[in-house]
Protein chains: 2
Amino acid sequence: MGKKAYHHGNLRAALLAAAREILDTDGAEGLSLRKVARQTGVSPTALYSHFRDKRELLAVLATDGFDSLTRRMQEEAARSPSEPTGSGPQLAGLARGYVLFAIDNRALFRLMFGRDSGDLLEFPQLAEAGSRAYTMMAEAVTQAMREHAIAGKGSIAATAAWSTVHGLAMLILDGRVSAKDQGASDDADLVDHVCGMLNFGI
Amino acid sequence: MGKKAYHHGNLRAALLAAAREILDTDGAEGLSLRKVARQTGVSPTALYSHFRDKRELLAVLATDGFDSLTRRMQEEAARSPSEPTGSGPQLAGLARGYVLFAIDNRALFRLMFGRDSGDLLEFPQLAEAGSRAYTMMAEAVTQAMREHAIAGKGSIAATAAWSTVHGLAMLILDGRVSAKDQGASDDADLVDHVCGMLNFGI
DNA sequence: GGCACATCTTTACACTGTAAAGATATACTG
DNA sequence: CAGTATATCTTTACAGTGTAAAGATGTGCC
């Protein structure tokens, strides 16, 4: 195994788990390295053997978050009943997955889309994980446009879809939009209604 | 004036100005109360005579930001040539104003939409300023729907419009979307193209 | 002129991220 | 198996943060 039976077992994973837990409990503001170390039962500077600094720890968390987001979108798309048409409802499922993930992982989602690009480009794995999520959605959009014979540039449509879903998620997290205020029975329902305003077949 | 000729003149405005300047230069991360105090030439704890704590200072900044956002949207809507139809292009102008404001005031925009609702509700003036911006846009949306005889709930359409514009702004700030990658000549051009995907008359 | 009060300063404390140097157990080499 | 190198973790230290508490200082009112 190489790393298993060192001093701690493997500290890196334990630190990430503790950080994730604190993130969910106290938000990004309440996540301090010392608290992570305390909860893991280790000295305050033990992290620096596994992470360059705090930002790298957060970057790893965010990278995992993007992979979870991709998975969640796929799950939600698979859950929706597949019609004979093909991937019509798939797009709606992806949208639902995106927003529901944000709601279920508030602080993590904020972390993933927090800083400027400069902070992100420093961690190529993060950028790649983000691109994977985007690519999946973009392909579904272009495919849906092809099936429904919608004209227009595919990349613009994908950007529009992403923007709508992302903005809705953010506004919900901020408490500026809520399902009941919009007369929707459910958050998923709200997503369907809002995305229905996009003029390609969702 | 009452507050003019005290010790400093009026410190509150000076502190806000310094904070705004630091926010634009170093971002929200680099904005510390001590730096604000240093730049204003005052002791580190002088702020506490004018603001309860740091969050109140930031809340005032964000409140002003929402008012500036509203103004910018109106300006941009007024700039676009008014057609005989009425308020068709007005909606596009509002959208442009929203995104361009975000681009021109990166850190401030992030501050305005940063924390959870719990943090905001503590400062009612902030929530009101945000509502003012939203209401203006929502009314323009419902009016446009009436003119173009679009069916559907107005509040859902307004939420969709806001989501799209807000998401686009956020993704641009994150460096995940750029005008040239999308083949747009300009950021304003990109906004027009993306909002063109919404199926009510923009 | 004296009092009350708003304003600003001084001092202090707990907390943060992290650099530097020391301890320690594991892995590799002879 | 012995000994050295190396990854891992601890100790110590420092500059910086937000802010509470108490003291100083000028302003406006009676």
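This report covers the contact between chain A and chain B and the protein surface near DNA strand C in a predicted model.

## Interface of chain A and chain B

Chain A puts 42 residues into the contact and chain B puts in 43. The area buried between the two chains is about 3500 Å², and carbon and sulfur atoms account for 57% of it. On the chain A side, A:Ile156, A:Arg176 and A:Met197 supply 21% of the area buried against chain B, more than any other three residues.

The rule finds 0 salt bridges across this interface. Polar contacts are found there, in 9 residue pairs with both members at pLDDT 80 or more.

## Elements on the chain A side

Five elements of chain A each give two or more residues to the side that touches chain B: α5 (106–112), α6 (117–121), α7 (124–148), α8 (154–173) and α9 (187–195). The largest share, 14 residues, comes from α8(A). By class, this side of chain A has 20 nonpolar, 14 polar and 8 charged residues.

## Surface near DNA strand C

There are 23 residues around DNA strand C, and those that come nearest are A:Ser32, A:Arg34, B:Ser43, B:Thr45 and B:His50. Helix α2 (residues 33–40) of chain A gives the most to this surface, with 3 residues. The surface divides into 9 nonpolar, 10 polar and 4 charged residues.

Of the strand C atoms within 4 Å of the protein, 56% belong to sugar or phosphate, and the rest belong to bases. A polar side-chain atom of A:Ser32 lies 2.9 Å from a phosphate oxygen of the strand. In chain B, a side-chain N or O atom of B:His50 is 2.6 Å from a phosphate oxygen of strand C, while B:Ser43 places a backbone N or O atom 2.6 Å from a phosphate oxygen of strand C.

Key
Residues numbered from 1 in each chain as written. Chains lettered and ligands numbered in written order. Predicted model: local features only at pLDDT ≥ 70, side-chain atom pairs only at ≥ 80, totals over all residues. Heavy atoms only, no water. Contact = heavy atoms within 4.5 Å. Buried area = accessible area lost by both parts, 1.4 Å probe. Salt bridge = Lys/Arg side-chain N within 4 Å of Asp/Glu carboxyl O. Polar contact = N/O pair within 3.5 Å; in protein donor to acceptor, adjacent residues only side chain to side chain. Helix = DSSP H or I, 4+ residues; strand = E, 2+ residues; numbered from the N terminus. Nonpolar A, V, L, I, M, F, W, Y, C, P; charged D, E, K, R; others polar. Near = heavy atom within 4 Å.
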